[in-house]
Amino acid sequence: MNSELKKILLKAKKAVFSNLTGENLSRLKGDGIDLRDIKLYEWGDDVRRINWKATAKSGEILVNSYDEYKQLDIVLVFLASASLNFGSKRLKQDVASEVLAYLLFSSYKNKDRCESIFFGDKVIKSFPPFKEINQVDEIVKEALKRLQK
């Protein structure tokens, strides 16, 4: 593993897995298991969600609403062309590889499905959604390899 790859991977891992970044999941109103609140029944609410104990105590029909957390499907499309081989302070290829590493580690941390596609004038290589963290190294290594050609 070359030094540029190691540097990019360590910097991205540190930023993503440190405690400085928030672990905020997207809260959606839906069919999850986390109780959001108990509200008054409105026309169209699911009758299976009626909270019978709260209804009996208050005398009004109350229903439970829940939070739902969804797994995202992410497709990262990486342009591997000679147009990235320039820059004044840093080469655009290094910045692009670093951003790719950040996005891959973030999707791994959030347990999202993340697919990567490299293309130039046509699709060069495709990586299916990964489950193990060492596959991030392979994808970023491929990005650096494609950009050095």
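**Close-up views of helix α3 and strand β5 in a predicted model**

**View 1. Val-95 lies in helix α3**. In this predicted model, helix α3 covers residues 92-109 and includes Val-95. Val-95 counts as partly exposed, because its relative accessibility is 35%, and partly exposed residues fall between the cut-offs of 20% and 50%.

**View 2. A nonpolar patch on the surface includes Val-95**. The patch is formed by Val-95, Val-99 and Leu-103. Together, these residues have about 220 Å² of accessible area.

**View 3. Strand β5 has a covered face and an uncovered face**. The strand is made up of residues 113-119. Cys-114, Ser-116 and Phe-118 belong to the covered face, whereas Arg-113, Glu-115, Ile-117 and Phe-119 belong to the uncovered face.

**View 4. Strands β4 and β5 pair in the parallel sense**. Strand β4, residues 73-79, is joined to β5 over 7 bridges. Ile-74 stands opposite Cys-114 of β5, and Cys-114 is one of the residues on the covered face of that strand.

**View 5. Strands β5 and β6 form a hairpin**. Between the two strands there are 3 residues. Strand β6 comprises residues 123-127 and runs antiparallel to β5, with 4 bridges joining the pair.

**View 6. Residues from both faces of β5 have partners in β6**. Ile-117, on the uncovered face of β5, has Ser-126 as its bridge partner in β6. Phe-118, on the covered face, stands opposite Lys-125 in β6.

Conventions. Residues numbered from 1 in each chain as written. Predicted model: local features only at pLDDT ≥ 70, side-chain atom pairs only at ≥ 80, totals over all residues. Heavy atoms only, no water. Patch = residues over 30% accessible without salt bridge, like charges linked within 9 Å, V, L, I, M, F, W, Y side chains within 5 Å. Areas by Shrake-Rupley, 256 points an atom, 1.4 Å probe, with all protein chains shown as cover. Salt bridge = Lys/Arg side-chain N within 4 Å of Asp/Glu carboxyl O. Buried < 20%, exposed > 50% of the residue type's maximum accessible area, 1.4 Å probe, protein only. Pairing = 2+ DSSP bridges.
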